[in-house]
Amino acid sequence: MQQTESPAIQQISARQAALLQLAPAFASLPFYAVLAWFLAGQGIPNLFALLFTILLIEVPVSWIIMVRHVRREHDGRFTLAAAFPWRTAVPWWQYLVIGVPVTIFSTVMVAGVSPQFQTLLLESFFDGLPGWFVMNPGPGMFSTLSRELLLTLWVLMLFGMVLVGGMTQELFARGFLLPRTQNLGRWAPAFNALFFAIFHLISPWNWLPFFLMVLPWAYLVWWRRSVKIGLFIHVGMLALQWLAMTLIIFGLAPAPV
């Protein structure tokens, strides 16, 4: 399905799109590095640093970019409709038949495939990185945390990873940037997925699995002209991870060891 964009939605070049996508990541990287180093000295895992970085740096920078860009497009005015022009209604059965399988696939990529790539690439190419920098919320982390820190992490993951962070990432990448790169034609979703993967600067060992994870739903958003299905998949995937954390915190499932 093709759809003519509003003249007010200005197409941007691939270079501009890449720079805009990576801007929040470049702003976040030094903040994360300093905070992760500091928290490591306190015996606190760097997952806390990541979540604070998302809430305090990545999310505000993303929204500042979107607001400024849309205001330039619309003579100083900002509206959500102008920022996210692809809002086509998606039938409920497409969420069920397409959205749910893609959500499950993405969750498997993050929870199953990505850690395997992380171990392989860390040992091969990134063994010189300090331990406090490497994001590794895997086996053993939960057993080192007090109940109070686990509850704090639970709340931070809900807001920093699922609600505020996940929604902002999807709105920024697929809601804001993807409609403005239609001049790239059918390559637009692949380009979008690639730079969304590179956006995760603190974990380059995850770029390939993240690219493969995002690619299907980037094309779904492009095909349906609706960021709604992207939000469903992205937030749904993160919510499943948060649910697993919830079960561990409240003693309903064993913590990984």
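Let me begin with a term: a residue is called buried when its relative accessible area is under 20%. Please also keep in mind that what we have in front of us is a predicted model, whose protein chain averages a pLDDT of 89, with 93% of the residues scoring at least 70.

I would like to spend most of my time on helix 4, which covers residues 92-125 and bends by about 40° at Val-113, with a proline, Pro-115, following within four residues. Which residues of helix 4 are buried? They are Gln-94, Tyr-95, Gly-99, Val-102, Thr-103, Ser-106, Thr-107, Met-109, Val-110, Ser-114, Gln-118 and Leu-122, and these buried residues pack against helix 7, at 207-224, and helix 8, at 227-249. In an α-helix there are 3.6 residues a turn, so residues three or four places apart point the same way.

Helix 4 also contributes to the surface, where Trp-92, Trp-93, Leu-96, Val-97, Val-100, Ile-104, Val-108 and Phe-232 make a nonpolar patch of about 810 Å². Seven residues of that patch, its largest share, come from helix 4, while Phe-232 has its place in helix 8. Phe-232 counts as partly exposed because its relative accessibility is 33%.

Finally, a word on confidence, which is lowest in helix 4, at a mean of 87, and highest in helix 6, residues 188-198, at 97. Over residues 1-7, however, pLDDT stays under 50, and for this stretch the model has twelve contacts beyond four places in sequence. Where pLDDT is low, the predicted coordinates should not be read in detail.

Methods. Residues are numbered from 1 along each chain as its sequence is written. This is a predicted model: local features need pLDDT of at least 70, side-chain atom pairs count only at pLDDT 80 or more; totals for chains, interfaces and linings use all residues. Side-chain values use heavy atoms; hydrogens and water are left out. The bend at a residue is the angle between axes fitted to the seven residues ending there and the seven starting there. Helices (H or I, at least four residues) and strands (E, at least two) are DSSP runs, numbered from the N terminus. Buried means under 20% relative accessible area, exposed over 50%, partly exposed in between (1.4 Å probe, protein chains only). Contact means heavy atoms within 4.5 Å. pLDDT is the predictor's confidence in each residue, from 0 to 100. Patches are made of residues with over 30% relative accessible area and no salt bridge: like charges are joined within 9 Å, nonpolar side chains (Val, Leu, Ile, Met, Phe, Trp, Tyr) within 5 Å. Accessible areas come from the Shrake-Rupley method with a 1.4 Å probe; for residues, only the protein chains shown count as cover. A salt bridge is a side-chain nitrogen of Lys or Arg within 4 Å of a carboxyl oxygen of Asp or Glu.
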